[in-house]
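Subject: Structure for your review

Dear colleague,

Please find below the structure that I am handing over to you. I would be grateful if you could read the notes after it alongside the coordinates.

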Amino acid sequence: MKIGIISDIHSNMEALLAVLDDMGPVDKVIFLGDVVGYGADPEFCIKIVREIADIMVCGNHDFACCGLTSIRYFNEFAKRAVIWTSKKLSKKDLNFLANLPLKAKYEDMLFVHSTPFEPQNWHYIFTPKDAVTSFWYFEEKICFVGHSHVPMNFSIDSSGMVHIFRDDEISFEDDKRYIVNVGSVGQPRDGDPKAAYGILDLEKKSFKLKRVEYDVEKAKEKIISVGLPPYLGERLLYGR
Ligand code: ZN
């Protein structure tokens with residue numbers, strides 16, 4: 001069984017369509033949250049994700065748009081995008097976002113936007129130390145996350161040693177557990193502007209991170225033309 005895992009679409013229609021085209025047919029699609037925020041096409045992205053995703057969890061921007069997460073700690077650009085998005089969305093779409101779960105499980109895997117520990121508080125996992133706390137708070141073999149928009153992986157062995165690695169391909173070993181960040185479809189921040197997503201192969205026990213070119217210029221122009229901060233468009237060009 002092949003599973004496409006996508007996260008942090010952030011209303012970027014061009015990136016989402018390019019990723020789905022590249023992914024081709026899969027047995028399941030799992031979405032790790034933040035369908036909206038930052039970009040110009042929130043309604044379209046919600047519509048597509050509802051059609052294609054078999055499992056979905058919420059992100060901080062999704063909850064912020066429906067008032068379930070405070071934007072007090074959001075930066076100025078993110079705040080403006082949340083306010084713009086929440087005005088643009090229908091009651092039905094806001095209701096859909098408000099009802100997304102914080103966590104989901106499938107087989108021996110956990111799916112969460114931020115961290116297994118206090119997922120509603122939107123912590124980040126950047127270091128092995130951050131990962132240690134997270135490993136304490138789930139029992140499954142693999143936890144897939146998004147949120148930081150930076151693809152990276154962590155493993156923990158039976159002695160409790162946590163190891164960080166950035167390989168694009170992972171062969172899951174029987175005696176280890178993993179945290180895998182699949183990066184961001186719509187606003188990569190690892191210096192590579194290409195959209196990121198992952199393919200999990202359950203039979204081969206492997207994961208592959210994929211990068212896809214898309215029309216970044218078009219996504220940028222749309223952000224500017226709808227009146228969102230130009231910086232939100234420009235950062236797409238640099239993957240920052
Ligand atoms: Zn995000």
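The notes below describe the metal site, the two sheets, some backbone angles and the internal space.

This is a predicted model, in which local features need pLDDT of at least 70 and side-chain atom pairs count only at pLDDT 80 or more, while totals for chains, interfaces and linings use all residues. Residues are numbered from 1 along each chain as its sequence is written, and side-chain values use heavy atoms, with hydrogens and water left out.

Metal site

The zinc ion is coordinated at 2.0 to 2.5 Å by Asp8 (OD), His10 (NE2), Asp34 (OD) and His149 (NE2). Donors here are N, O and S atoms within 2.8 Å of the metal (3.2 Å for Na, K and Ca); water is not among the atoms, so sites may look incomplete. Along the chain, the donors of the zinc ion follow the spacing D-x1-H-x23-D-x114-H. Distant parts of the chain are linked by one pair: Asp34, in the loop between β2 (28-31) and α2 (42-52), and His149, in the loop between β6 and β7 (152-156), are 115 residues apart. Helices (H or I, at least four residues) and strands (E, at least two) are DSSP runs, numbered from the N terminus.

Why is the arrangement around the zinc ion irregular? The four donor atoms subtend angles of 87 to 178 degrees, which makes it so. Four donors count as tetrahedral if all angles lie between 85 and 135 degrees; four count as square planar and six as octahedral if opposite donors are over 155 degrees apart and all others between 65 and 115; anything else is irregular.

Asp34 is buried, with a relative accessible area of 1%, and His149 is buried at 2%. Buried means under 20% relative accessible area, exposed over 50%, and partly exposed in between (1.4 Å probe, protein chains only).

Sheets

One open sheet has six strands in the order β4-β5-β6-β10-β7-β8, with mixed pairing. Its edge strands, each pairing on one side only, are β4 (103-106) and β8 (162-165). On average, neighbouring strands of this sheet are turned by 15 degrees against each other, direction ignored. For such angles, axes are lines fitted to C-alpha atoms, for helices over the stretch in contact, and angles run from 0 to 180 degrees between N-to-C directions. Two strands pair if DSSP finds at least two bridges between them. Strands β5 (residues 109-112) and β6 (residues 142-145) pair in the parallel sense over three bridges, and Leu110 has Cys143 as its bridge partner in β6.

Another open sheet of six strands, also with mixed pairing, has the order β3-β2-β1-β11-β12-β9. Here β3 (55-56) and β9 are the edge strands, each pairing on one side only. The pairing of β2 and β3 is parallel over two bridges, and Ile30 stands opposite Ile55 in β3. Strand β12 (residues 206-212) pairs in the antiparallel sense with β9 (residues 169-171) over three bridges and with β11 (residues 195-201) over seven bridges. Phe207 in β12 is the bridge partner of Ile170 and also of Leu200.

Backbone angles

In the hairpin of β11 and β12, which has four residues between the strands, Lys205 takes a positive phi near 55 degrees. The C-alpha atom of Lys205 is separated by 41 Å from that of Lys91, and the two residues are 114 residues apart along the chain. Lys91 is found in helix α5 (residues 91-98) and counts as exposed at 77% relative accessibility.

Two loop residues other than glycine also have positive phi values: Glu107 near 50 degrees and Trp122 near 55 degrees. Glu107 lies in the loop between β4 and β5 and counts as exposed at 59% relative accessibility. Trp122 lies in the loop between β5 and α6 (128-136) and counts as buried at 12%.

Internal space

How many cavities of 30 Å³ or more does the structure hold? There is one, and about 30 Å³ of space lies in the largest cavity. On a 1 Å grid over the protein atoms alone, a cavity is a set of points where a 1.4 Å probe fits but cannot get out, and lining residues have an atom within 4 Å of a point. Grid points are joined across faces, edges and corners, and a volume is the space filled by probe spheres set on the points. The lining of the largest cavity includes Ser11, Asn12, Glu14, Asp41 and Lys222. Helix α7 (residues 216-225) gives the largest share of this lining, three residues.

Yours sincerely

Note on methods:
On a 1 Å grid over the protein atoms alone, a cavity is a set of points where a 1.4 Å probe fits but cannot get out, and a pocket is an open set with protein on both sides within 12 Å along at least five of seven lines; lining residues have an atom within 4 Å of a point.
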